[in-house]
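Let's take a friendly walk through a protein model, stopping at a few places worth a look. Please keep the sequence and the 3D view open as you read.

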Amino acid sequence: MTLPTYSEAHRATLMQVAADAVRHGLILRAVLDLDVSRFDAALREPRATFVTLRLHGDLRGCIGVLEPIRPLIADVAQNAYAAAFRDPRFTPVLYHEVDQLSYHISVLSPPQLMTVTDEADLLRQIHPGVDGLILEAVDEGKRGTFLPSVWDTMRDPRVFVQQLKIKAGLPPEGWSPTWRVSRYTTESIS
């Protein structure tokens with residue numbers, strides 16, 4: 001599950017595009033349309049990302065995708081816009097906030113399906129601080145994920161899994177043999 005390491009120039013470009021996407025959205029109320037061909041090949045590779053916005057250290061929006069559906073640079077633009085204006089937990093970003101926002105981009109590795117018999121087995125297999133997890137109850141149409149960065153605030157693996165079940169709309173206690181778990185890592189850019 002090794003991710004490519006992006007150069008400082010790549011990182012700066014991704015951060016600039018995220019900020020540009022939010023500013024563009026404030027003015028035109030639309031996603032920033034990029035000519036992907038003008039960017040370096042590493043930024044044109046299909047990648048899944050999450051973009052997190054913070055205002056004075058507090059979460060202001062976080063949106064992303066789990067599967068690579070578009071080029072990395074376009075995914076960052078789309079998710080930065082969505083984090084600013086479409087995260088249902090928050091009101092849209094306002095003009096007076098835009099210059100005070102901080103951005104964090106997580107580039108996801110492809111998810112790896114895990115073979116898990118029960119919650120205890122999952123707890124033995126996960127790597128705290130490294131693994132992001134996707135929990136799916138396919139037969140119920142429910143799914144939730146926690147990025148590896150969530151380990152910063154939820155260090156206990158048991159609590160991490162319990163809260164992930166809640167986020168997925170599943171009961172915090174118990175385990176179903178029909179649930180699927182995948183893990184992934186991220187490369188953080190901020």
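## Two residues with an unusual backbone angle

Let's begin with His56, which is exposed because its relative accessible area is 62%, and the cut-off for exposed is over 50%. Please keep in mind that this is a predicted model. You can find His56 in the loop between strand S1 and strand S2. What is the phi of His56? His56 has a positive phi of about 55°, although it is not a glycine. As background, most residues other than glycine have a negative phi.

Arg29 is a second case: it is not a glycine, and its phi is positive at about 55°. Look for Arg29 in the loop between helix H1 and helix H2 (41-44). With a relative accessibility of 51%, Arg29 counts as exposed.

## The largest pocket

Now turn to the largest pocket, which holds about 710 Å³ of space. Its lining is made of 25 residues, and those closest to the pocket centre are Cys62, Arg89, Leu147, Val150 and Lys167. In general, empty space like this can be found by rolling a probe the size of a water molecule over the atoms.

Which strands each supply at least two residues of this lining? They are S1 (48-55), S2 (58-64), S3 (101-108) and S6 (142-146). S2 provides the largest share of the pocket lining, 4 residues. Sorted by character, the lining has 12 nonpolar, 7 polar and 6 charged residues.

## The nonpolar cores

In soluble globular proteins, nonpolar side chains tend to be buried together. Here, the largest nonpolar core has 32 residues, and Leu14, Val22, Leu53, Leu101, Tyr103 and Ile105 touch the most other members. Helix H1 (8-28), strand S1, helix H3 (72-85) and strand S3 each bring at least two residues to this core. Which of these elements gives the most? That is H3, with 9 residues.

Take Leu101 as an example of the contacts here. Leaving out residues up to four places away in sequence, Leu101 touches Val22, Leu53, Arg54, Leu55, Arg60 and Val93. Apart from the largest core lies another core, of 20 residues, including Leu135, Phe160, Leu170 and Trp179.

## A buried spot in strand S3

Is Val107 buried or exposed? Val107 is buried, because its relative accessible area is 0% and buried means under 20%. This residue is found in strand S3. Try finding Gly64 as well: Val107 and Gly64 are 43 residues apart along the chain, and their C-alpha atoms are separated by 9.6 Å.

## Aromatic rings

How many aromatic pairs are there? The count comes to 4 aromatic pairs. One of them joins Tyr81 and Phe85, whose ring centres are 5.0 Å apart, with 50° between the planes, so the pair is tilted. Tyr81 and Phe85 are 4 residues apart in helix H3, which means that about one helical turn separates them. Both Tyr81 and Phe85 are buried.

There is also a cluster to look for: ring pairs link Phe146, Trp151 and Phe160. You have already met Phe160, as one of the residues in the core of 20 residues.

Methods: Residues numbered from 1 in each chain as written. Predicted model: local features only at pLDDT ≥ 70, side-chain atom pairs only at ≥ 80, totals over all residues. Heavy atoms only, no water. 1 Å grid on protein atoms, 1.4 Å probe; cavity = no way out; pocket = protein on both sides within 12 Å on 5 of 7 lines; lining within 4 Å. Points joined across faces, edges and corners; volume = space filled by probe spheres on them. Nonpolar A, V, L, I, M, F, W, Y, C, P; charged D, E, K, R; others polar. Core = buried A, V, L, I, M, F, W, Y, C linked by side-chain atoms within 4.5 Å. Buried < 20%, exposed > 50% of the residue type's maximum accessible area, 1.4 Å probe, protein only. Contact = heavy atoms within 4.5 Å. Phe/Tyr/Trp six-rings, centres within 6.5 Å; stacked < 30°, edge-to-face > 60°.
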